[in-house]
Amino acid sequence: GNVGNLETETGGMLWYGQRLKGDGAIPVTEGLDQVETLPLAARYQVCASGINLCSGKDKANKYNDACWEPRSDFTPKTTQMKNVGGQASWHPGDRNHQFN
C-alpha cells in the first residue's frame, strides 16, 4: 500500500515521528517516587508541569547508560568511564528514541 495510507491501514495504531499522535498514551512523570512505578520505557518521557526531570538540555535522565557494572569475577585492565561517550548536549538522548 501507499506509505501515506499507513495510519488508515493500521486503524490508527501506527505511531511515527515525534509521537504527536500518541499524546496522552505515555504516562506522565510526576515526581521521583512516582516515576519508579512507571514502566521503564515510559519513565522521564513526559513530565507534569513544573517537574524538571524529563529529557532536555542538562537533564540527568535524558540518557540511560553505563559503561561498566562492577563484577566480583573480573577487573578491567583499563579505567572505565562512568557514562558512554558522545552524549552531546544538543541531542535529546537515547530515552527519547524509545517512542520516536
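Start by selecting Glu36: with a relative accessibility of 48%, this residue counts as partly exposed. You are looking at a predicted model, so please read every distance and percentage on this tour as computed from predicted coordinates.

Now add Arg43 to the selection. Arg43 and Glu36 form a salt bridge, and their closest N and O atoms lie 3.6 Å apart. That pair qualifies because the cut-off for a salt bridge is 4 Å between a side-chain nitrogen of Lys or Arg and a carboxyl oxygen of Asp or Glu. Is Arg43 buried or exposed? Arg43 counts as buried, because its relative accessibility is 17% and the limit for that class is under 20%. The bridge therefore links a buried arginine to a partly exposed glutamate.

How many salt bridges does the structure hold? There are 2, so let us visit the other pair as well. Select Arg71 and Asp73, whose side chains meet at 2.9 Å, N to O. Colour them by accessibility if your viewer allows. Arg71 is partly exposed at 45%, while Asp73 is exposed, with a relative accessible area of 57%. As a general point, side chains of opposite charge can pair when their charged atoms come close.

Next, go to Tyr44, in the segment after α2. Tyr44 is buried, with a relative accessible area of 8%. Check its backbone too: phi is near 65°, a positive value in a residue other than glycine.

Keep Tyr44 on screen and ask which side chain reaches its backbone nitrogen. The side chain belongs to Thr29, and the distance is 3.1 Å. Thr29 sits in the loop between α1 (6-9) and α2, and at 0% relative accessibility Thr29 counts as buried. This contact thus joins a buried threonine of that loop to a buried tyrosine in the segment after α2, because both values fall under 20%.

From Thr29, step along to Glu30 and select Gly50 with it. The C-alpha atoms of Gly50 and Glu30 are separated by 9.0 Å, although the two residues are 20 apart along the chain. Gly50 lies in the segment after α2 (32-35). Gly50 is exposed, with a relative accessible area of 77%.

Another pair to display is Thr79 with Trp68. Their C-alpha atoms are 9.7 Å apart in space, and the residues are 11 apart in sequence. Thr79 is found in the segment after α2, and at 79% relative accessibility Thr79 counts as exposed.

Finally, zoom out and switch to a cartoon view. The chain has 2 helices and 0 strands. Of its 100 residues, 20% are buried. Turn on the surface, and the exposed area is about 7,400 Å², with carbon and sulfur atoms supplying 53% of it. For a last look at contacts, take those between residues at least 6 apart in sequence: 37% of them join residues at least 24 apart.

Methods: Residues are numbered from 1 along each chain as its sequence is written. This is a predicted model: local features need pLDDT of at least 70, side-chain atom pairs count only at pLDDT 80 or more; totals for chains, interfaces and linings use all residues. Side-chain values use heavy atoms; hydrogens and water are left out. Helices (H or I, at least four residues) and strands (E, at least two) are DSSP runs, numbered from the N terminus. Buried means under 20% relative accessible area, exposed over 50%, partly exposed in between (1.4 Å probe, protein chains only). A polar contact is a pair of N or O atoms within 3.5 Å; within protein, one must be able to donate a hydrogen and the other to accept it, and residues adjacent in sequence count only if both atoms are side-chain atoms. Contact means heavy atoms within 4.5 Å. Accessible areas come from the Shrake-Rupley method with a 1.4 Å probe; for residues, only the protein chains shown count as cover.
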